[in-house]
Amino acid sequence: MSDKAYLLTGLNGDKTWGLADYIKRGGYEALKKILREQITPDAIIAELKKSALRGRGGAGFPTGLKWSFMPRQFPGAKYVCCNSDEGEPGTFKDRDLLRFNPHIVIEGMIIAGYAMGCERGYNYIHGEIFEIYERFEAALAEAREAGLLGKNILGSNFSFELFAHHGYGAYICGEETALLESIEGKKGQPRFKPPFPASYGLYGKPTTINNTETFASVPYIILNGGEAFLNLGKPNNGGTKLFSVSGHVERPGNYEVPLGTPFPELLEMAGGVRGGRKLKAVIPGGSSAPVLPASIIMDSTLDYDCIAKAGSMLGSGAVIVMDESTCMVKALERLSFFYHEESCGQCTPCREGTGWLYRVIHRIEHGQGRQEDIDLLDSVSENIMGRTICALGDAAAMPVKSFIKHFRDEFQYHIDNKRCLVPLELQREGSKIYVG
Amino acid sequence: MLSTESFKKIDQELEKYPVDQKQSAVMAALRIAQQEKDWLSDETIEAVANYLGMPPIAVFEVASFYNMYDLQAPGRYKLTVCTNLPCALSGGAVAGKYLKQKLGIEYNQTTADGQFTLKEGECMGACGDAPVMLVNNHRMCCKMTEAQIDQLLVELGK
Ligand SMILES: Cc1cc2nc3c(=O)[nH]c(=O)nc-3n(C[C@H](O)[C@H](O)[C@H](O)COP(=O)(O)O)c2cc1C
Ligand code: SF4
Ligand code: FES
């Protein structure tokens, strides 16, 4: 891990997650500094803006700007919500943050409450990591016991309560308004926007939602200043970031590196391509991000701007690595199945379109593709994009468009020859997604 | 009806939400009910609805939307294996196939002795530990090689 790391540095075990250890590492010093020096909410938000911290949940929206949208003077309840509903295929960083460093998330959320005038927060945790939900509950209990949460925190006149809420198996609840519906005890179906959560959020009150890692980045900024954070990364891309590396590498796992790190360095940290095979393609930001062929990704640096320029998205920082043994049609088939499964069904283009995409890719993969299918996939994708309530529609369409753009030959080969371009022997040995 | 202990746990959940927002506790309440009863029958859903002052249909909607709730009795052990792409690249789908062979069932089926139900899951946010599977929703098993799967099945009494 990089010496500039602060999120998961040295925290590779299950033993040091507790309050005492966090305090030993300098934990809650940022909160104490704010209360001691009576740093104003405006000053905190200004520092965040300077830091160029961008949301770690997928969209990369500037956090300082988002916090400034909250009507701080609005009387009555306001909420801050943490999005730990990590279900974007390839992403497993928030789980490790909550497992190894839960208090850094709690501290970030308390500071958010202070800066935006909220007295209450919720952390929405993915149902599939129930053991981690229980750990977070235990960390909350420690924080309450120590007077870090509740009425008059550390003797100040600032009060803030924080609770954990678990999901129970629905990818769509990672979308921020679906998440709010879910906390309200309903089906997790995204809301129309506007109104945005900053004006109409949880229980109809002003609400800010950020990703787990976003909150975890806040204490560093308070303690060291926005500029120090910015300098960890590169202009417009402040800080270090957790990258979840999965797929065909020797050592899958989370790696914390400065934004702007060249991709080959990350690949090397993860032990390189499995079995010394040749890199074929990488999805750099979770399954919803467009795939990039090896030649492009090997020339890219890992930051929002460079990956966008390369034609994809940094997204959640989930780097899915595929080597030469991967059949791209098979890979896309599995992703399309997922989006069809997880569409909440509210919008016709998403509900019908995701099913259509899956069926067409399925028939190509199974040797029943028609000549017009590739163009059909393109046009169905085109007709989903921008025509839905939430971004799941786009998330389902973008992989399809990008797989076709970069690996059209493989789709065509499937249609013409009714079998994979990648020899089955190689697939069995390597990619593992072929289960024949 | 649920046990007093379950209702006590639901009361603790209710404390997390504003007093006029009892419905917010429905997800936890259903989870608690399912932990006690193994699955959510109409009667159980109604008990939760009555306790939270919700129409049973609203509770049913929630129970059917989130896929970790079981609206039918599963086997004693429900095994959910993640086969989404990132896991599949590291053997998730192969692990699923191995489980099918060992148990002699397909996905969404239960063994004749009622011991095991096998399910295919979506990303559990643990792809670095593939193959990943859940035992009865809450216990996550990581890096499940065939040897590990054999060991788990022995532990669970197969
Ligand atoms: C289908 C879908 C799934 C999402 N899943 C997540 C998720 O698991 N975690 C997350 O933080 N954001 C997720 N997002 C993004 C959130 O809507 C939201 O932008 C984010 O939580 C904002 O936090 P940030 O600004 O700190 O990134 C998802 C969005 C969509 C459309
Ligand atoms: S785009 Fe899909 S997931 Fe999003 S609201 Fe519409 S139907 Fe639901
Ligand atoms: S893809 Fe299986 S846990 Fe993420």
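Helices are DSSP runs of H or I with at least four residues, numbered from the N terminus. In the predicted model described here, Ile404(A) is found in one such element, helix H17 of chain A. With a relative accessibility of 3%, Ile404(A) counts as buried, because burial is defined as under 20% relative accessible area. Leaving aside residues up to four places away in sequence, Ile404(A) touches Ile374(A), Leu377(A), Asp378(A) and Phe411(A). The C-alpha atom of Ile404(A) is separated by 9.2 Å from that of Val329(A), although the two residues are 75 apart along the chain.

Helix H17, which covers residues 392-417, also takes part in the surroundings of helix H15 of chain A. The buried residues of H15(A) are covered by elements that include H17, helix H14 (328-342) and helix H16 (373-384) of chain A. H15(A) comprises 18 residues, 348-365. At 1.5 Å a residue, H15(A) should span 26 Å, and its end C-alpha atoms are 25 Å apart, which agrees. Among the buried residues of H15(A) are Cys350(A), three residues in succession from Gly353(A) through Thr354(A) to Gly355(A), and, at the end of the list, Arg363(A), Ile364(A) and Glu365(A). After H15(A) comes Gly367(A), which has a positive phi near 75 degrees.

Cys350(A), a buried residue of H15(A), is also one of the residues closest to ligand 2. The others named as closest are Cys344(A), Gln346(A), Cys347(A) and Cys390(A), within a shell of 13 residues that surround the ligand. By class, this shell divides into 8 nonpolar and 5 polar residues, with no charged residue. Ligand 2 sits in the largest cavity.

A further buried position in chain A is Ser246(A), with 0% relative accessibility. Ser246(A) has its place in strand S5, residues 240-247 of chain A. Its contacts, not counting residues up to four places away in sequence, include Gly90(A), Phe92(A), Pro252(A), Val319(A), Ile320(A) and Val321(A). Ser246(A) also touches Pro86(B) and Cys127(B) of chain B.

Chain B contains 7 helices and 5 strands, arranged along the sequence in the pattern α-α-α-α-β-α-α-β-β-β-β-α. Its C-alpha trace spans about 50 × 35 × 25 Å along the principal axes. Of the 158 residues in chain B, 58% are buried. Where contacts in chain B join residues at least 6 apart in sequence, 57% of them link residues at least 24 apart.

Technical notes
Residues are numbered from 1 along each chain as its sequence is written. Chains are lettered from A and ligands numbered from 1 in the order in which they are written. This is a predicted model: local features need pLDDT of at least 70, side-chain atom pairs count only at pLDDT 80 or more; totals for chains, interfaces and linings use all residues. Side-chain values use heavy atoms; hydrogens and water are left out. A residue is near a molecule or strand if one of its heavy atoms lies within 4 Å of it. On a 1 Å grid over the protein atoms alone, a cavity is a set of points where a 1.4 Å probe fits but cannot get out, and a pocket is an open set with protein on both sides within 12 Å along at least five of seven lines; lining residues have an atom within 4 Å of a point. A molecule sits in a cavity or pocket if more than half of its atoms lie within 2 Å of its grid points. Ala, Val, Leu, Ile, Met, Phe, Trp, Tyr, Cys and Pro count as nonpolar, Asp, Glu, Lys and Arg as charged, and the others, Gly among them, as polar. Helices (H or I, at least four residues) and strands (E, at least two) are DSSP runs, numbered from the N terminus. The expected span of a helix is 1.5 Å times one less than its number of residues. Buried means under 20% relative accessible area, exposed over 50%, partly exposed in between (1.4 Å probe, protein chains only). Contact means heavy atoms within 4.5 Å.
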